[in-house]
Amino acid sequence: MSVVNHGGGAPAGSAGPGGQDRWKTPFAGDAEAPVGENERMITGGWRIVRPVVDTKACTNCLICWIYCPDACIVRFEEYVDVNYKYCKGCGICTRVCPVLCITDVPELDFAD
Amino acid sequence: MGKKALLTGVVAVAHAVKMADVDVIASYPIRPYTGVMSELARMIADGELDAEMIRAEGEHSQLSIAYGASAAGARTFVGSSGVGVTYAYEVYSPISGARLPVQMMIADRTLDPPGDFGSEHTDALCCRDQGWLMGWAETPQEALDMCLVYYRAGEDPQVSLPQYACQDGYFVSHITGEVAIPDPAQVREFLPPFRPVRVLDPAKPIAVGPQIEPSMGPPLQYQRYLAMQESRRVLTEAYEEFAGIFGRRYAPLVEAFLADDAEVLLVTSGAHTATARNVVQKLRGLGEKIGLLKLRSIRPFPDRELAAACDGAKVVGVLDNDAAFGISGGGGVLYTEVCTALQGGGLGDRELLGFVAGLGGEVISREEFYWMAQVMLDRARRGPVAASGKRESGGDAGLMARENWKKTFWLPFDMEAGEGAA
Amino acid sequence: MTEATLAEIRSFRRVPLEELYVPGHRTCAGCGPAMIYRLVLKASGRNTILVGPTGCMYVANTSYGCSPWEVPWIHAQITNGGGVGAGIEAAYQVLLRKKKRTGEFPNIIVMAGDGGAADIGLQSLSAAMYRDHDFLYICYDNEAYANTGIQVSPTTPWGAWTTFTPAGPEVPMGHKIWPKDLARMIAAGHPDVKYVATASLAFPLDLLNKVRRGLNTRGAAFVHIQAPCPKGWVFPANMTVDVAKAAVETGMWLLYEISARKHRVTYQPKQRKPVQEYLSMMGRFDHLVPEHIARIQSWADLRCREAGFAPAGSLEQLE
Amino acid sequence: MSGGDRGVAWAFPRELFEEKGLRQVTVWTRGVVLIKEARDVVTALAGAAAREGKQSQAWENYVDLPDRINVPVKAYARISDRPIESRYIYENEAPDIVVVVEESLVKGNPILDGLRPGGTLVVNTRRRPEEIARFLTPGSGLGLLAVVDAAGIATTEKTLSGQEGASDASGIGGGWAAPLSGAVVRACGLVGLPSLEAVVKAPEAARIGYERTILLELA
């Protein structure tokens with residue numbers, strides 16, 4: 001958590017009881033805008049099933065990309081893949097894929 | 001140099017808003033504050049002021065517009081009265097929580113019922129704990145000056161809090177008084193352009209007001225608490241600098257009148273102070289050791305300053321122009337505040353009385369202030385009330401009776417009923 | 001104020017790659033409103049300020065003091081999205097005019113749910129539309145107070161089950177009031193509003209372009225977007241697009257725009273499907289009996305006629 | 001909590017609060033159509049007094065407002081050589097001067113209530129003062145009755161500007177208020193005529209009003 005402390009705010013970085021981080025609260029609770037991803041809310045652990053793209057079969061039509069609510073379809077030159085750090089496993093990409101190149105696979109089938 | 005004019009409180013504030021070069025104004029009509037907005041609309045129509053004036057559809061939206069505009073970096077002005085003030089209640093804490101130094105002028109009006117439009121401080125005092133600076137102006141001059149001082153203090157990065165600049169409706173808002181209108185150059189010297197601590201700007205994106213986790217709650221509220229504490233110093237410095245630039249010196253938090261050797265002190269705020277001061281002065285002429293303390297600031301509440309000023313007084317009376325039903329002590333808001341402020345200073349040696357008066361916009365007459373003074377002087381003559389510790393250990397029946405003496409009074413009823421004697 | 005006009009987007013490949021609504025937010029898996037949020041920011045670009053009245057898209061997105069937006073965002077109360085948007089707009093107008101700041105006038109977008117737009121915040125919305133502030137107000141309509149646990153809102157369909165309108169022996173249809181038609185209210189009653197449209201997440205290019213047209217309009221614009229809610233409507237998270245599409249194909253959600261006071265149907269199904277196909281996709285309509293469904297069918301038929309849909313079958317004849 | 005057996009012994013020493021040199025002006029008018037004229041009279045008199053270095057205040061009675069067409073309403077001014085102590089005693093309790101903007105108000109309205117003994121009444125009318133006197137309460141202590149045909153000297157102005165404590169963008173004293181204020185000056189010398197002429201839009205009308213005022217000594 002970044003510290004933005006304007007005067008009247010909590011003492012910046014100063015130790016509250018126990019000298020804990022909880023005193024380092026941004027000014028008025030403002031949140032910094034994220035860059036690229038919001039690491040304060042990693043949602044990959046939400047998945048029950050994992051969408052797996054057969055990248056060879058993918059036609060790069062971008063339908064799954066446009067519909068992903070979590071911006072987790074990653075575009076490459078000739079195919080797409082999935083950002084598993086944030087993918088919640090909703091299954092929309094699998095559902096909308098016109099060439100059926102995405103498969104929902106149980107998360108526990110994977111070691112990682 | 002500036003010039004002098006006879007102005008009402010609302011027009012005096014409009015001049016201050018103009019000289020503060022306010023950017024966004026949001027209006028909604030309700031008497032008696034409404035004249036400030038017609039005056040500002042005229043100034044815009046006549047090319048005297050360049051500002052966006054949004055005719056909002058209610059007070060709630062007035063404050064919402066102010067919230068957005070201030071977050072986008074604009075110096076912002078709104079106002080209201082009575083139930084208009086309470087209608088906007090939802091938005092007060094978001095504004096102070098986002099640390100946006102919006103200024104709201106309140107020309108007091110009774111909350112319904114009674115469905116009249118007389119002045120009563122209840123409307124503003126309902127909002128006293130929302131994280132806004134709050135204080136009362138006694139005259140149009142004070143109203144103008146308070147507007148400038150409040151922008152200056154509220155926008156100070158050490159404070160970053162909104163401000164309720166209050167004045168008694170009709171009394172201050174509508175009666176003309178002589179006002180020294182400052183020179184714009186003086187105002188520019190005193191009040192620098194608004195430099196917000198952060199702005200909604202695509203070039204520097206942030207999120208204002210996100211949801212938090214509970215552990216962020218204590219420090220976030222603590223920030224606001226510290227800012228309010230800090231505002232005592234900032235206000236004091238602002239009034240000091242104000243005196244240097246404009247030549248008008250104000251006691252920043254508590255204004256004492258004939259208080260130095262007073263055995264009896266009346267605490268007031270707002271317009272009726274003028275009448276109270278008149279009565280106190282006459283009684284001094286008769287040899288009574290009575291004085292007056294006017295609270296210029298209610299938030300922050302000047303407890304230390306008040307306690308210091310009350311040191312040595314046998315009886316402290318508190319005028320409340322507000323209805324607070326069921327409140328501790330049976331007086332008004334200020335009575336409970338003063339009791340808390342003075343508790344550390346040997347409360348047992350000093351009697352604290354509360355007087356609720358002038359409700360519904362009724363004039364607080366000289367007769368009423370005179371009676372309040374007589375009640376206080378009578379108590380002072382009877383000597384100090386023993387501390388409750390003594391009572392418990394001593395078991396003195398007389399002392400117990402004294403502790404049960406009536407402490408709070410509603411005027412004119414208790415006056416007419418012959419209450420007041422110990 | 002000179003501003004670049006946002007161009008029409010004609011294919012998925014032309015949709016901006018840049019993500020301004022980044023991965024990492026606490027919205028449901030399969031969330032319709034989140035999908036809409038992402039598309040809206042692809043349409044508007046970086047020069048945007050968002051106003052987020054209380055609702056799912058405030059609470060879920062900013063949970064625990066974080067933000068998933070690369071553009072500035074500010075919370076508004078559920079009551080006052082219109083007012084807060086108006087204040088930001090007024091500030092930018094005057095600060096640029098008085099040269100207190102430099103740069104471009106931003107796209108100001110209020111993203112309100114149906115409760116914040118059609119119910120408790122309607123006054124604030126109406127007043128802002130009436131005053132013609134230069135901003136875009138979007139209602140993402142998930143047809144209930146979803147954040148608080150699915151309570152009825154003024155856009156909840158007749159016959160829907162919500163926690164405040166459960167179906168039971170005494171009230172077999174559940175909710176028994178027909179929904180407010182917010183887009184038509186805004187269009188009919190606010191003469192200075194120059195652009196009003198409805199959109200569906202199942203038609204993303206249409207949605208993107210309607211958002212852009214709203215932003216390109218000088219003055220107030222309003223876009224009403226149906227936002228299927230897998231939690232509240234009770235359907236599997238992977239079905240969000242299917243449900244949205246079915247709403248359009250059955251005439252339960254109509255796509256049109258009103259620009260310069262001209263009403264234009266922007267999409268009409270060639271052969272409108274029975275509403276039963278849409279209703280049966282969702283648990284919130286499970287309790288309905290055939291006579292209820294017939295009533296909903298009549299309602300949909302009426303609305304399609306009012307919206308200027310060509311009679312069933314006539315489209316083929318025209319082509 | 002109970003009070004004592006008896007109240008505090010007290011009697012209000014009214015004489016202690018006499019404000020020597022304070023002059024109170026109460027103006028009666030009719031709502032909406034003639035309210036500006038009443039407001040202008042008190043504003044002009046207070047403004048003229050301020051020019052002379054005096055303390056002054058001017059205001060409308062909020063209990064009478066918002067005004068409705070023809071309803072009797074009041075406006076007030078206070079002028080003093082010394083700081084005004086009764087600034088927030090809202091109504092004039094004992095006017096020295098009563099001004100009636102529209103003549104029919106003398107009938108059936110308590111215009112002379114509280115009048116200070118020997119006080120002055122100024123009425124805008126073409127009638128003779130004796131004719132007006134017929135409608136006045138006997139024993140009111142009125143010392144001087146002044147009449148002026150303000151309507152014959154100026155025409156009324158109508159504006160919504162200046163309501164609710166705002167300033168009046170149409171200016172002060174362009175209508176009946178100028179000759180009426182002139183009559184006040186003539187009747188009791190509250191302020192000097194040059195000061196009045198300096199603050200009104202129609203100084204000529206103020207002077208003519210001053211000159212054409214007819215005085216009737218009573219009491």
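## Confidence

Chain B of this predicted model has a mean pLDDT of 93, with 93% of its residues at 70 or more. The weak spot to keep in mind is residues 386–395 of chain B, where pLDDT is below 50. That stretch still has eleven contacts in the model beyond near neighbours in sequence. Where pLDDT is low, though, the predicted coordinates shouldn't be read in detail.

## Who touches whom

Four pairs of chains touch, and the pair with the most contacts is B and D. Chain D makes no contact with chain A, their closest C-alpha atoms being 37 Å apart. Chains C and D don't touch either; here the closest C-alpha atoms lie 24 Å apart.

## The A–C interface

Chain A puts 33 residues in contact with 41 residues of chain C. Together the two chains bury about 3000 Å², and carbon and sulfur atoms give 61% of that area. On the chain A side, the residues that lose the most area to chain C are W65(A), I66(A) and Y67(A), which together make up 21% of what that side buries.

As for polar links, there are 14 residue pairs in polar contact across this interface, both residues having pLDDT 80 or more. The elements of chain A that give two or more residues to the side touching chain C are β1 (31–32), α1 (63–67) and α2 (92–96). Helix α1(A) gives the largest share, with four residues. The interface also has one salt bridge: R95(A) pairs with D242(C), with the closest N and O atoms 2.9 Å apart.

## Helix α6 of chain C

Which residues of helix α6 (residues 182–189) of chain C are buried? They are L182(C), A183(C), I186(C) and A187(C). These residues lie on the same side of α6(C), because they cover an arc of only 130 degrees around the axis. That fits the general pattern: an α-helix has 3.6 residues a turn, so residues three or four places apart point the same way.

Plenty of chain C helps to cover these buried residues, including helices α4 (114–119) and α5 (122–131). The strands β4 (136–141), β5 (195–200), β6 (221–226) and β7 (255–259) of chain C are also among the covering elements.

## A buried loop residue in chain B

A88(B) sits in the loop between α4 (82–87) and α5 (89–97) of chain B. Is this loop residue buried or exposed? A88(B) has a relative accessible area of 0%, so it is buried. Leaving out residues up to four places away in sequence, A88(B) touches E59(B), H60(B) and L63(B).

## Salt bridges within chains

Over all chains, the structure holds 82 salt bridges. One of them joins E138(B) and R277(B), with the closest N and O atoms at 2.8 Å. E138(B) is in the loop between β6 (133–137) and α7 (140–155) of chain B and R277(B) is in helix α11 (residues 273–285), so the pair ties together parts 139 residues apart in sequence. Both ends are buried: E138(B) has a relative accessible area of 4%, and R277(B) has 18%.

E241(B) and R152(B) also meet in a salt bridge, at 2.9 Å from N to O. It runs from helix α10 (residues 217–246) to helix α7 of chain B, so it ties together parts 89 residues apart in sequence. E241(B) counts as partly exposed, at 35% relative accessibility.

In chain D, E60(D) and R39(D) form a salt bridge with closest N and O atoms 3.6 Å apart. The pair links strand β2 (residues 55–60) to helix α1 (residues 35–51) of chain D. Both E60(D) and R39(D) are buried, and they belong to a salt-bridge network with K36(D), D40(D), E157(D), D168(D) and K201(D).

Note on methods. Residues are numbered from 1 along each chain as its sequence is written. Chains are lettered from A and ligands numbered from 1 in the order in which they are written. This is a predicted model: local features need pLDDT of at least 70, side-chain atom pairs count only at pLDDT 80 or more; totals for chains, interfaces and linings use all residues. Side-chain values use heavy atoms; hydrogens and water are left out. pLDDT is the predictor's confidence in each residue, from 0 to 100. Contact means heavy atoms within 4.5 Å. Buried means under 20% relative accessible area, exposed over 50%, partly exposed in between (1.4 Å probe, protein chains only). The arc is that of the directions from the helix axis to the C-beta atoms. Buried area is the accessible area (1.4 Å probe) that two parts lose on being put together, summed over both. A salt bridge is a side-chain nitrogen of Lys or Arg within 4 Å of a carboxyl oxygen of Asp or Glu. A polar contact is a pair of N or O atoms within 3.5 Å; within protein, one must be able to donate a hydrogen and the other to accept it, and residues adjacent in sequence count only if both atoms are side-chain atoms.
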